[in-house]
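Subject: Handing over the structure

Dear colleague,

I am passing on to you the structure that we talked about, together with my notes on it. Please open it first, and then read the notes beside it.

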Amino acid sequence: MKAAAAGYIRANDLVHAISLLEQSRGEARILAGGQSLIASLNLRLAGETALIDINGVAELSGIELVGDRLRIGALTRHRELATSDLVARHVPAIAQAAPLIAHAAIRNRGTIGGSLAYADPAAELPACMLALDAEIVLRGPAGERRVRAGDFFIDLFTTDLAEDEMIVAVEVPVVVAGERQTTMELARRSGDYALAGIVLVDRPSGVRAAFFGVGPTPVLATAAMAAIDGGASADEAAELLADDLQPLDDVHAPAAVRLHLARVLLRRALAATRS
Ligand SMILES: Cc1cc2nc3c(=O)[nH]c(=O)nc-3n(C[C@H](O)[C@H](O)[C@H](O)COP(=O)(O)OP(=O)(O)OC[C@H]3O[C@@H](n4cnc5c(N)ncnc54)[C@H](O)[C@@H]3O)c2cc1C
């Protein structure tokens, strides 16, 4: 089936993209990698909409170290995340997450901005942002706004983005001395969305564990985190995930299976960061 697009315009730069968004009054959608949006339009899951193509907007590209943060432009492709030396050195959790996303063809086109805006609860990058306590940098007609990842993902496929705003970048704290990070997931087949996944950031100041695929948004496992920081064993912390996670039953797996997988992942991730 052909996509139900009501129009297409290519933005020349960031100011142009934001002005097009403002003029559309919520009737247009940003087109980044198109890997989720075009599929939704083809399947008639998204209503007919005009497309604002941001692929020519140079200000949205690039990965750079800014002080103690890594700034990653919204148009950065999943493949670039998987192959960047800067990402591997400074935020290994993202370097480990990117190759787990879908298949090579999708990673060549899909972008970090698109993944965060789409906010699929089983996606790897939103959970990375939550575990790393990243800031999402937004731009709209009123200027720039920064939102902590913990406030950005509101519900299933729902974020704090206003209809006239777009994601321009994310800023992620870089790894500190003594810190270990790991991203792991369990999926039926390589490339499938995960049944459950974890991003564990094990800092000297405390542990942060964000799970994906086990609720309507990525979830910070606060009870398990507090227990680990208080000296609990991995098994004791894993038991507390029943308080932290509310997985849903669906066609892919019952809730009890997802909770079990999350427990397995927490034990494996702690073994990896503390070995
Ligand atoms: C078969 C298949 C398997 C997949 N498996 C996985 C997987 O395992 N894990 C995973 O994480 N993802 C998976 N994906 C999704 C993939 O990662 C997409 O690339 C991603 O979700 C969306 O990125 P995109 O750049 O393609 O965004 P698009 O499809 O272009 O856009 C998605 C949404 O985000 C909005 N948007 C895009 N960029 C911005 C921006 N800068 N500011 C504001 N809004 C914006 C769009 O308007 C649209 O609503 C899969 C996709 C397919 C087709």
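What follows goes through the domains, the pockets, the nonpolar cores and two single residues.

Please keep in mind from the start that this is a predicted model.

Domains

The protein chain is divided into three parts, namely domain 1 (5-53), domain 2 (65-173) and domain 3 (181-273). If you compare the positions of the second and third of these, you will find that the C-alpha centres of domain 2 and domain 3 are 20 Å apart, and that 25 residues of domain 2 are in contact with 22 residues of domain 3.

Pockets

The largest pocket has a volume of about 1200 Å³, and among the 48 residues that line it, those closest to its centre are Ser36, Gly114, Ser115, Ala117 and Tyr118. Two or more lining residues come from each of strand E2 (28-31), helix H2 (37-42), helix H7 (112-118), helix H8 (124-132), strand E9 (158-159) and strand E10 (166-173), and H7 gives the most, with five residues. By character, the lining of the largest pocket is made up of 26 nonpolar, 16 polar and six charged residues.

The second largest pocket has a volume of about 480 Å³, and of the 20 residues that line it, Ala122, Tyr193, Asp250, His252 and Arg258 lie nearest its centre. The lining of this second largest pocket divides into ten nonpolar, three polar and seven charged residues. Where does the second largest pocket lie with respect to domain 2 and domain 3? Both domain 2 and domain 3 give residues to its lining, so the second largest pocket lies between them.

Serine 115

Serine 115, which was listed above among the residues closest to the centre of the largest pocket, is found in helix H7. Is serine 115 buried or exposed? Its relative accessibility is 14%, and because a residue under 20% counts as buried, serine 115 is placed in the buried class. When neighbours within four places in sequence are left aside, serine 115 is in contact with His78, Asp120, Ala123, Leu125 and Pro126.

Nonpolar cores

The largest nonpolar core has 38 residues, and those with the most contacts inside it are Ile94, Leu116, Met129 and Val172. Helix H8 gives the most to this core, with seven residues, and the core draws at least three residues from each of domain 2 and domain 3. Another core, of 26 residues, lies apart from it and includes Val207, Met225, Leu259 and Ala262.

Methionine 129, one of the residues with the most contacts inside the largest core, touches Ile94, Ile112, Leu116, Ala134, Ile136, Ala149, Val170 and Val172, if residues up to four places away in sequence are not counted.

Isoleucine 228

Isoleucine 228 lies in helix H10 (residues 222-229), and it is buried, with a relative accessible area of 6%. Leaving aside neighbours within four places in sequence, isoleucine 228 is in contact with Val207, Ala237, Leu266, Leu270 and Arg274, and the Val207 in that list is also one of the residues of the 26-residue core. Isoleucine 228 and arginine 208 are 20 residues apart in sequence, while their C-alpha atoms are 9.7 Å apart in space.

With best wishes

Terms used:
Residues are numbered from 1 along each chain as its sequence is written. This is a predicted model: local features need pLDDT of at least 70, side-chain atom pairs count only at pLDDT 80 or more; totals for chains, interfaces and linings use all residues. Side-chain values use heavy atoms; hydrogens and water are left out. On a 1 Å grid over the protein atoms alone, a cavity is a set of points where a 1.4 Å probe fits but cannot get out, and a pocket is an open set with protein on both sides within 12 Å along at least five of seven lines; lining residues have an atom within 4 Å of a point. Grid points are joined across faces, edges and corners, and a volume is the space filled by probe spheres set on the points. Helices (H or I, at least four residues) and strands (E, at least two) are DSSP runs, numbered from the N terminus. Ala, Val, Leu, Ile, Met, Phe, Trp, Tyr, Cys and Pro count as nonpolar, Asp, Glu, Lys and Arg as charged, and the others, Gly among them, as polar. Domain bounds come from an automatic or database domain assignment. Buried means under 20% relative accessible area, exposed over 50%, partly exposed in between (1.4 Å probe, protein chains only). Contact means heavy atoms within 4.5 Å. A nonpolar core is a set of buried Ala, Val, Leu, Ile, Met, Phe, Trp, Tyr and Cys residues joined through side-chain atoms within 4.5 Å.
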